[in-house]
Amino acid sequence: MLCNRSFPIPPINKVTTVITQHNVHNHKRLDILRLFQSHQTRTMEVEANTNSSHTRAVGLDFLTKKAYTPPSWASHINPIPSHIFSLGHLPTPIHKWNLPNLPTNTEVWLKRDDLSGMQLSGNKVRKLEFLMADAVAKGADCIITIGGIQSNHCRATAVAAKYLNLDCYLILRTSKVLVDQDPGLTGNLLVERLVGAHVELISKEEYAKFGSGALTNLLKERLIKEGRRPYVIPVGGSNSLGVWGYIEAIREIEEQLQSATDKVKFDDIVVACGSGGTIAGLALGSWLSSLKAKVHAFSVCDDPDYFYEYVQGLLDGLEAGVDSRDIVNIQNARGLGYAINTSEELKFVTEIAATTGIVLDPVYSGKAAYGMLKDMAGNTKKWEGRKILFIHTGGLLGLFDKVEQMAPSLGNWRRMDVQDSVPRDRIGKMF
């Protein structure tokens, strides 16, 4: 749905009924419990009566497994996933974003993937729809993944796993000063620990020395020896299977534009890049579909050359037959480093929220939007007259880790002055 209001209220297009189940939690799982979990998971694997898996039905569609049919323009990609789990509240809205100081006749629109669900919000849910379906199909009883201490992906994975009655093991990267301490309950950590995820801490130095693949494999081998059946999801869910999440998102955008009253044609798509899977799906999908928008990615961790190479590997894994440099432009927005912000970047996040009502996370979309507007200011002619779709990838919980840094710029409060002479109303006391 498209909306032209300055401060849009996301439309409620669907009513979703969620059936919750009481799960049994115990650190030492008995075989009978595993059988129970397997039965519970199978009961949710409801096959859709339609081959159009991207159509989200009203009602009991949430947390069901369906056969997957790709868009016609992606039917030659190999391999094609067989199934998908419905984990996100999709489609997410698209609306105009009234940013200040844009080049002449330039429009920026928002794709609100931050609204893809409360606990699972953000871009990761789209990848997890395919990855979790694969994990269940392979008989996994637990999930392993890895990321930073405030990883949005790890939080989303922990929630998705518990939805499907799977245990979740998270390897979280932190500083060597804090690696032997309780990580606390700030932001994503609170949700992860609430849903019972098993948190394993690793120092940044150990992460750099061994690499994410070796660390997840080490944990996988340990769990197998304990009789578990683990399924490993890489950093950010960014493998060739996860790429399908944003190939599917391009189909969703196409359908939204086709059904809109006001016809809009986007020239560009802008998004943050942290692990490569999202930009690979967006770029490939846009290139293959009727959208044909140029994809601009702002990398928030590694440099552009690394991501061009990594995305190429993802594309080759799908036998896409295209060069990554031909379908996506990657710019460096790393700044001081991954998840590290300058005072100017944090000020930008607060000002955008105050002027437009859109809250950006400081790690991904905040840095991408900051980089985009900085590029617009320096290369005005490049962006003049263009219609841009900015993908908001979520990550709101990451803001809680920046509270101390942001507090000085958020001083808009005061003690309300009330005199005893103010007439009292006759309504009953609330307290």
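These legends go with a few close-up views of a predicted model, centred on Asp361 and the two helices on either side of its loop.

**View 1. The whole chain, for orientation.** The protein folds into 14 helices and 13 strands. Of its 431 residues, 52% count as buried. If you look at contacts with a separation of 6 or more, 76% of them link residues 24 or more positions apart.

**View 2. Asp361 sits in a loop between two helices.** Helix 11 (343–356) comes before this loop and helix 12 (365–378) comes after it. Setting aside neighbours within four places in sequence, Asp361 touches Gly366 and Lys367, and also Gly394, Gly395 and Leu396.

**View 3. A buried acid without a salt bridge.** Asp361 is buried, yet no salt bridge goes with it. Its nearest side chain of opposite charge belongs to Arg155, 8.7 Å away. A salt bridge would need the nitrogen and carboxyl oxygen within 4 Å, so Arg155 doesn't make the cut.

**View 4. What the Asp361 side chain does reach: backbone nitrogens.** The Asp361 side chain gets to the backbone nitrogen of Tyr364 at 2.8 Å. Over at Val363, the backbone nitrogen lies 3.1 Å from a polar atom of that Asp361 side chain.

**View 5. Helix 11 crossing helix 12.** The two axes come within 10 Å and cross at roughly 95°, which means helix 11 runs roughly perpendicular to helix 12. On the helix 11 side, the residues in play are Glu344, Glu345, Phe348 and Val349. They meet Gly366, Lys367, Ala369, Tyr370 and Leu373 of helix 12. Gly366 and Lys367 should look familiar: Asp361 is in contact with them too.

Conventions
Residues are numbered from 1 along each chain as its sequence is written. This is a predicted model: local features need pLDDT of at least 70, side-chain atom pairs count only at pLDDT 80 or more; totals for chains, interfaces and linings use all residues. Side-chain values use heavy atoms; hydrogens and water are left out. Helices (H or I, at least four residues) and strands (E, at least two) are DSSP runs, numbered from the N terminus. Buried means under 20% relative accessible area, exposed over 50%, partly exposed in between (1.4 Å probe, protein chains only). Lys and Arg count as positive and Asp and Glu as negative; His and the chain ends are not counted. A polar contact is a pair of N or O atoms within 3.5 Å; within protein, one must be able to donate a hydrogen and the other to accept it, and residues adjacent in sequence count only if both atoms are side-chain atoms. Contact means heavy atoms within 4.5 Å. Axes are lines fitted to C-alpha atoms, for helices over the stretch in contact, and angles run from 0 to 180 degrees between N-to-C directions. Angles under 35 degrees count as roughly parallel, over 145 as roughly antiparallel, 65 to 115 as roughly perpendicular and the rest as oblique.
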